[in-house]
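Student: I would like to learn how to read a protein model feature by feature, beginning with the overall layout and ending with single residues. Could you take me through one?

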Amino acid sequence: MAAIVEVENLTKTYKGGFTALGGVSLAIERGEILALLGPNGAGKTTLISALCGITTPSGGQARIGGHDIARDWRKARHLVGLVPQEVALEPFEKVINTVRFSRGLFGKGRDDALVERVLRQLSLWDKRHARTRELSGGMKRRVLIAKALCHEPQVLFLDEPTAGVDVELRRDMWEVVRGLKESGVTIILTTHYIEEAEAMADRVAVINGGEILLVEDKAALMRRMGRKTLRIDLACPVTEVPEALAGYDLERIEDGAALLYHYDTRGDGTGITRLLQALAREGLSLRDIETRQSSLEEIFVDLVREGAA
Ligand SMILES: Nc1ncnc2c1ncn2[C@@H]1O[C@H](COP(=O)(O)OP(=O)(O)OP(=O)(O)O)[C@@H](O)[C@H]1O
């Protein structure tokens, strides 16, 4: 089955001559959540804006649901919903009207049942008669999502959906996004919160300097790139790592109450057995041991650093 979003060698050079996208190619499958990660200025918003018809690309091609975003822009635009980074709402308008109005902008007739379903899905039904200026920041963001959904798009672009939102609300938002995926919407989100990508994405694309560094299944990426850390809690703290253990590159933490050992799961052996034997030989008793997989954040930082090198 063809991907719902197909991007081929898309470029964007802004008027001043700055190239924000240097030839991006990407295929997004129907029904997936793709997280687009990248540092500030990487080109995430430019890419999304180009796909949503807000910015005109300088070169390359893209199709949404098979419709070329340049030649067939109207059909392509109907298939996408965009939740912009900045919250811009008519302050005195009631929630329900602002959502209805957005549907009208796409030339679609009034559909109260649909608007009700969308508002309920976003837990905004009780607030439907509130003026948007009376809402909390998290609610305003949900109104933006409702506006983006009310013309029944198949692809939803969320540009930093939880920027500046507190941890609890962020988790609520993740639930909302998962619910949208279950209802069949394909989701592309940009985020600076890597734990957000870790929690939600099926695949992760990393962009830096207008180039896609990789696109990969999140779980596979974490398995492939991930390193593990063994945390060793000692029965008695050590003031320094014993000389005999120097070859293990151990990190002493919490005033010597614990040691960290980083190892690569891709290698032949982890070295854990030898390390534990060496600890015993040194007379160090262990209180507890624990392993931890490196996070997507660590992988991301490594990738962007390598890409910039
Ligand atoms: N209208 C414009 N004119 C000129 N340069 C622009 C314009 N819009 C964006 N840029 C530049 O293009 C680059 C990419 O910007 P973009 O907003 O796409 O990045 P981003 O990855 O979304 O960043 P952030 O995470 O900070 O939102 C930046 O260097 C930015 O300054």
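Tutor: What follows is a walk from the whole chain to its sheets, its helices and a few backbone angles.

Student: What should I know before I begin, and how many helices and strands are there?

Tutor: This is a predicted model, in which local features need a pLDDT of at least 70 and side-chain atom pairs count only at pLDDT 80 or more, while totals for chains, interfaces and linings use all residues. Residues are numbered from 1 along each chain as its sequence is written. Helices (DSSP runs of H or I, at least four residues) and strands (runs of E, at least two) are numbered from the N terminus, and the protein has 10 helices and 14 strands. Its C-alpha atoms fill a box of roughly 80 × 45 × 40 Å along the principal axes.

Student: Which domains are assigned, and how far apart are their C-alpha centres?

Tutor: Domain bounds come from an automatic or database domain assignment, and here that assignment gives domain 1 (5-223) and domain 2 (227-293). The C-alpha centres of the two domains lie 44 Å apart.

Student: How do I read a sheet, and what is the strand order of the one with six strands?

Tutor: Strands of a sheet pair through backbone hydrogen bonds, either parallel or antiparallel. Two strands count as paired if DSSP finds at least two bridges between them. The six-stranded sheet is open, has the order 6-7-8-3-9-10 and shows mixed pairing; its edge strands, each pairing on one side only, are strand 6 (80-83) and strand 10 (211-217). Neighbouring strands of this sheet are turned by 15° against each other on average, with direction ignored.

Student: Which residues stand opposite each other in strands 6, 7 and 8?

Tutor: Strand 6 and strand 7 run parallel and are joined by four bridges, with Val-80 opposite Val-155 of strand 7. Strand 7 is also parallel to strand 8, through five bridges, and there Val-155 stands opposite Thr-186. Elsewhere in the sheet, strand 3 (residues 33-37) pairs with strand 9 (residues 203-208) in the parallel sense over four bridges, and Ala-35 has Val-204 as its bridge partner.

Student: Is strand 7 mostly covered or uncovered, and which way do its residues point?

Tutor: In a regular strand the side chains alternate between the two faces of the sheet. A residue is called buried if 20 or more other C-beta atoms, placed from the backbone, lie within 10 Å of its own, exposed if 12 or fewer do, and partly exposed in between. Strand 7 is mostly covered, five of its five residues being buried: Val-155, Phe-157 and Asp-159 point one way, whereas Leu-156 and Leu-158 point the other way. Across the 309 residues of the protein, 33% count as buried.

Student: Which helices pack on this sheet, and at what angles?

Tutor: Axes are lines fitted to C-alpha atoms, for helices over the stretch in contact, and angles run from 0 to 180 degrees between N-to-C directions; a contact means that two C-beta atoms, placed from the backbone, lie within 7 Å. Helix 6 (residues 167-182) lies across strand 3, strand 7 and strand 8 (186-191), running at about 155° to strand 8. The axes of helix 3 (residues 95-105) and helix 5 (residues 137-149) come within 7 Å and cross at roughly 30°. That contact is made by Val-95, Thr-98, Val-99 and Ser-102 of helix 3 together with Val-143, Ala-146 and Lys-147 of helix 5.

Student: And helix 5 itself, which strands of the sheet does it touch?

Tutor: Helix 5 touches strand 6 and strand 7 (155-159), and its direction makes about 165° with that of strand 6.

Student: Which residues have a positive phi, and are they buried or exposed?

Tutor: Most residues other than glycine have a negative phi. Glu-152, in the loop between helix 5 and strand 7, has a phi near 55°, and it counts as partly exposed because 15 C-beta neighbours lie inside 10 Å. Glu-160, in the loop between strand 7 and helix 6, has a positive phi of about 50°, but Glu-160 is buried because 20 other C-beta atoms lie within 10 Å.
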